[in-house]
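Open the structure in your viewer and keep the selection tool ready. We will go stop by stop.

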Amino acid sequence: MTGLFISFEGIDGCGKSTQADLLKSHLESKGETVVLIREPGGSIISEQIREILLNPENDTMDASTEAILLAASRSQLTREVIIPALESGHVVICDRYADSTLAYQGYGRGIKLEWLEKLNAFATAGVKPDITLLVDLSVDEALRRMESKSFDRIEMEGVEFLERVRSGYLEMAESFCERYFMLNGLHTIEEMSKMIINKVEEIKSEIN
Ligand code: TYD
């Protein structure tokens with residue numbers, strides 16, 4: 001596959017979606033065709049699964065069901081959107097991908113990482129991001145930034161859950177250091193965007 005696959009990760013409220021939008025605009029200004037998608041979601045079927053997953057009324061959903069629905073959403077997205085885009089040589093920017101499941105359902109909910117890794121391998125057909133941009137922010141600061149927002153079912157889990165998710169991400173940044181690039185979420189939007197653009201340009205020139 002000739003395209004470039006970039007994923008953004010981080011706890012809710014870290015600012016990754018703003019950065020994903022800015023990166024898309026930059027790459028498009030350089031003439032790239034960019035497909036920006038969010039997870040869970042990003043295709044018609046996956047967006048329908050997203051609604052079930054995030055609906056606060058589904059408060060009896062078991063963690064196993066949650067993990068399998070996330071994998072179903074990812075499986076459809078990967079085959080319908082991501083693989084064809086990469087095969088056409090486009091840039092794919094994913095606002096969350098398989099690592100979110102390890103962070104939230106694994107480190108956060110306590111499902112065994114080895115099961116989730118198998119589920120992810122099946123859902124992603126083995127496709128991995130070329131680079132994962134982790135926007136790291138303390139839970140306190142992230143919650144402060146989200147104060148005015150209404151929380152979805154997973155965001156309602158609270159401080160301790162998000163602390164576990166954050167440490168999970170920090171562990172993954174070490175374990176998968178070949179593809180992780182970590183950014184301090186306290187930087188201004190403009191500073192962070194510059195760092196991300198520099199890093200992505202570096203990766204692009206390495207690949208070409
Ligand atoms: P997101 O779309 O990033 O939230 P927002 O709409 O606020 O930008 O993600 C929705 C929620 O889904 C978020 O709390 C993280 C959670 N999630 C998981 O728990 N596991 C996953 O694998 C994914 C992709 C998301």
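Select D12 and the ligand together. One polar atom in the side chain of D12 is 2.8 Å from an oxygen atom of the ligand. Keep in mind that this is a predicted model.

Now add K16. Its side chain has a polar atom 3.2 Å from a ligand oxygen. Then add K149. Here an N or O atom of the side chain lies 3.1 Å from an oxygen atom of the ligand. How much of the ligand does the protein bury? Taken alone, the ligand exposes 550 Å², and the protein buries 90% of that.

**The shell around the ligand**

Next, select the residues around the ligand. There are 17 of them, and D12, R96, T101, Q105 and E155 come nearest. Colour them by class. You should see 9 charged, 5 nonpolar and 3 polar residues in this shell.

Turn on the cartoon. Which elements give two or more residues to the shell? They are α2 (44-54), α3 (63-87) and α4 (98-108). Click on α4. With 4 residues, α4 gives the most to the shell around the ligand.

**The largest pocket**

Hide the ligand and look at the space it takes. That space is the largest pocket. The volume of the largest pocket is about 620 Å³.

Select the lining. It has 26 residues, and D12, K16, R96, D152 and E155 lie nearest the centre of the pocket. D12 is a residue you have met before: its side chain has the polar atom 2.8 Å from a ligand oxygen. Colour the lining by class too. It holds 12 charged, 7 polar and 7 nonpolar residues.

Which helices should you highlight here? α1 (16-29), α2, α3 and α4 each supply at least two residues of this lining. Again, click on α4. It gives the most to the lining of the largest pocket, with 4 residues.

**The second largest pocket**

Move on to the second largest pocket. Its volume is about 240 Å³. Select A98, D99, N120, K128 and R179. Of the 14 residues that line this pocket, these are the closest to its centre.

Now highlight α4 and α5 (113-124). These are the elements that give two or more residues to the lining of the second largest pocket. Which of them gives the largest share? It is α5, with 4 residues. By class, this lining divides into 7 nonpolar, 4 charged and 3 polar residues.

**Two backbone stops**

Finish with the backbone. Most residues other than glycine have a negative phi, and most peptide bonds are trans. Each of the next two stops has a feature to check against that.

Select E39 and P40. A cis peptide bond joins them, with omega about -5°. To place P40, find the loop between β2 (34-38) and α2.

Last, select R96 again. Is its phi positive or negative? It is positive, near 85°, and R96 is not a glycine. R96 sits in the loop between β3 (91-95) and α4. You have seen R96 at two earlier stops. It is among the residues that come nearest to the ligand, and it is one of those that lie nearest the centre of the largest pocket.

Terms used
Residues are numbered from 1 along each chain as its sequence is written. This is a predicted model: local features need pLDDT of at least 70, side-chain atom pairs count only at pLDDT 80 or more; totals for chains, interfaces and linings use all residues. Side-chain values use heavy atoms; hydrogens and water are left out. A residue is near a molecule or strand if one of its heavy atoms lies within 4 Å of it. A polar contact is a pair of N or O atoms within 3.5 Å; within protein, one must be able to donate a hydrogen and the other to accept it, and residues adjacent in sequence count only if both atoms are side-chain atoms. Accessible areas come from the Shrake-Rupley method with a 1.4 Å probe; for residues, only the protein chains shown count as cover. On a 1 Å grid over the protein atoms alone, a cavity is a set of points where a 1.4 Å probe fits but cannot get out, and a pocket is an open set with protein on both sides within 12 Å along at least five of seven lines; lining residues have an atom within 4 Å of a point. A molecule sits in a cavity or pocket if more than half of its atoms lie within 2 Å of its grid points. Ala, Val, Leu, Ile, Met, Phe, Trp, Tyr, Cys and Pro count as nonpolar, Asp, Glu, Lys and Arg as charged, and the others, Gly among them, as polar. Grid points are joined across faces, edges and corners, and a volume is the space filled by probe spheres set on the points.
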